[in-house]
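Visitor: I have a structure open and would like to go through it with you. Could we start with the cysteines?

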Amino acid sequence: MDEMRAREVLTAAGLPGGAELLALGENAVFAVGDLVVKTGRDATDHPELRERAEREVAVARWLAASGVPAVRAAEPTARLVEGHPVTVWHRLPDAVRPSEPRDLAPLLTQVHALPAPEGFTLPRRELLGGVERWLRLAGDAIDPADADYLRGRRDGFAKAAAALAPHLPPGPIHGDALPRNVHVGPEGAVLVDLETFSFDLREHDLVVLALSRDRYGLPSDAYDAFTEAYGWDVRAWEGCAVLRGARETASCAWVSQHAPANPKALAEFRRRVASLRQDDPRCAGTPSDRASTPVREGVFPSAAGGGWTVPSGGGRGTRRRVGYGVRLDHSKNGAPMALPRSTAATWILSAVAVTSGVLLTGCSASVSVGKSDPKLSADELAATVSEKLARTTGQPEPDITCPEDLAGKVGTTTRCELTADDGSTLGVTVTVTSVDGERINFGIKADETASPAAG
């Protein structure tokens with residue numbers, strides 16, 4: 001859907017076709033006087049898009065009844081105009097300042113304290129559910145090998161995410177918890193863009209900013225302000241790397257849909273895929289996980305929407321001191337929940353999902369060169385494998401032992417062993433892929449099953 005088609009739908013809905021375009025992405029968002037109108041993509045072949053729009057209006061009513069500061073719908077249901085879902089919202093007053101991560105935390109506290117709504121059902125957070133649709137929309141504009149690569153990541157992370165054990169009790173979540181989806185007006189901060197509301201792991205809402213910190217340049221002090229205000233740092237959770245990888249995959253695929261009509265989006269997509277392939281924890285360009293870019297700059301902005309209406313009410317969740325800093329009292333009978341220790345199963349979930357089996361390629365290290373083939377000492381190999389595993393999965397550096405030196409001959413393999421905090425172990429296979437002078441390049445693959453701790 002381009003701007004011209006979105007304006008045609010707007011006119012067909014009886015709204016001014018000359019309205020100001022605020023954002024164009026998954027939806028086209030227009031300012032129409034004191035209202036904001038969101039026009040979705042054609043739902044003729046994708047009925048889930050209409051269902052999502054109808055659910056977003058229902059979520060707005062539910063949040064209003066629950067006293068959660070959020071955008072308010074101006075009409076009781078979504079319209080269907082020439083196959084496109086259209087929703088109408090009250091417009092917020094102008095922002096008094098840009099939103100920050102610390103503004104998001106108390107809003108999430110309130111959302112995460114809510115029980116499931118009555119009268120409608122929140123879906124699971126299918127973070128990877130849109131990948132196939134986005135890649136199909138990209139069509140021939142992207143390299144088929146890149147599309148297949150993202151499909152492989154999607155399948156690997158979907159399997160790993162399904163096996164995660166949550167640290168927080170599952171419940172209602174925003175689903176796209178970023179500062180861009182918070183509007184700070186004269187009466188305080190409110191949530192906008194409610195279409196991804198779900199009932200799922202609450203860690204979904206917290207991993208978003210952890211990823212922004214690690215990959216997209218969110219300053220550490222801004223992230224620390226968020227975790228202090230919320231009360232817990234999701235990076236302490238053993239499943240963090242899995243949800244992070246799933247979101248990275250979805251985010252990259254989301255950009256692809258804009259590639260056919262937007263050269264900047266195509267360049268950004270290529271940067272992201274290269275970053276994922278190279279295990280680069282950072283990403284250049286203009287990621288969608290940053291604040292939305294004004295549409296006039298021609299960079300695929302998010303469809304978070306513009307100003308809406310400011311409700312009142314809402315307070316902060318109950319907090320208590322536990323160990324370091326402050327955390328939410330997500331506990332039973334007042335007893336704090338202990339942070340889980342690393343297990344070998346943790347590494348299976350975090351590592352195997354990264355590239356659907358082969359964890360890493362392109363690892364390398366300097367070696368000693370003599371008259372025979374170059375070799376990498378067992379200790380240096382173990383240190384390199386440990387560092388690469390940690391950097392790629394987001395876990396702390398594991399305890400790795402390798403029984404022998406690695407000979408610099410293509411095809412040579414050796415077996416190393418990862419020992420987790422609880423004493424369980426995981427086998428890791430190292431395979432030499434190429435030798436470049438004094439450097440041995442090798443790939444790493446984690447086993448699919450772990451061995452329990454002895455005794």
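Guide: Certainly. Cys402 and Cys416 are both buried. Please keep in mind that this is a predicted model.

Visitor: What joins Cys402 to Cys416?

Guide: A disulfide does, with an S to S distance of 2.1 Å. The link of Cys402 and Cys416 is right-handed, with 105 degrees about the S-S bond. Cys402 lies in the loop between strand 14 and strand 15 (406-407), whereas Cys416 belongs to strand 16; the pair is 14 residues apart and links distant parts of the chain.

Visitor: How many disulfides does the count come to?

Guide: The count comes to one disulfide.

Visitor: And Cys240, is that buried or exposed?

Guide: Cys240 has a relative accessible area of 11%, and because buried means under 20%, it counts as buried. Cys252 is buried too, at 1% relative accessibility.

Visitor: Back to strand 16. Which residues are on its covered face?

Guide: In strand 16 (residues 413-419), the covered face holds Thr414, Cys416 and Leu418. The uncovered face holds Thr413, Arg415, Glu417 and Thr419. The disulfide cysteine of this strand, Cys416, is thus on the covered face.

Visitor: Which strands pair with it, and in what sense?

Guide: Strand 14 (residues 399-401) pairs with strand 16 in the antiparallel sense, over three bridges. Ile400 has Leu418 of strand 16 as its bridge partner. Strand 17 (residues 425-436) also runs antiparallel to strand 16, joined to it by seven bridges. There, Glu417 has Gly427 of strand 17 as its bridge partner.

Visitor: What is in the turn between strand 16 and strand 17?

Guide: Five residues lie between the strands of that hairpin, and Gly423 takes a positive phi near 90 degrees.

Visitor: New topic: the interior. How many residues are in the largest nonpolar core?

Guide: The largest nonpolar core has 75 residues, and those with the most contacts inside it are Leu63, Leu191, Phe197 and Val234. Helix 8 (residues 240-256) gives the largest share of this core, nine residues.

Visitor: What does Leu63 touch, leaving aside its neighbours within four places in sequence?

Guide: Leu63 is in contact with Val68, Ala70, Arg72, Leu114, Leu194 and Phe197. Apart from the largest core lies another of 20 residues, including Val385, Ile400, Cys402 and Val432.

Visitor: Why would such side chains be found together?

Guide: In soluble globular proteins, nonpolar side chains tend to be buried together.

Visitor: And the chain overall?

Guide: The protein chain has 11 helices and 18 strands. Of its 455 residues, 53% are buried. Its accessible surface comes to about 19,400 Å², and carbon and sulfur atoms account for 50% of that. Among contacts between residues at least 6 apart in sequence, 70% join residues at least 24 apart.

Visitor: Where is the pLDDT below 50?

Guide: It is below 50 over residues 282-341, a stretch that has 172 contacts in the model beyond near neighbours in sequence. Residues 352-362 are also below 50, with 35 such contacts. The mean pLDDT of the chain is 79, and 77% of its residues reach 70 or more.

Visitor: Which elements have the lowest and the highest mean pLDDT?

Guide: Strand 10 (residues 319-321) has the lowest, at 23, and strand 6 (residues 171-173) has the highest, at 97. Where pLDDT is low, the predicted coordinates should not be read in detail.

How values were computed: Residues are numbered from 1 along each chain as its sequence is written. This is a predicted model: local features need pLDDT of at least 70, side-chain atom pairs count only at pLDDT 80 or more; totals for chains, interfaces and linings use all residues. Side-chain values use heavy atoms; hydrogens and water are left out. Helices (H or I, at least four residues) and strands (E, at least two) are DSSP runs, numbered from the N terminus. Buried means under 20% relative accessible area, exposed over 50%, partly exposed in between (1.4 Å probe, protein chains only). Contact means heavy atoms within 4.5 Å. Accessible areas come from the Shrake-Rupley method with a 1.4 Å probe; for residues, only the protein chains shown count as cover. Two strands pair if DSSP finds at least two bridges between them. A disulfide is a pair of cysteine sulfur atoms within 2.5 Å. pLDDT is the predictor's confidence in each residue, from 0 to 100. A nonpolar core is a set of buried Ala, Val, Leu, Ile, Met, Phe, Trp, Tyr and Cys residues joined through side-chain atoms within 4.5 Å.
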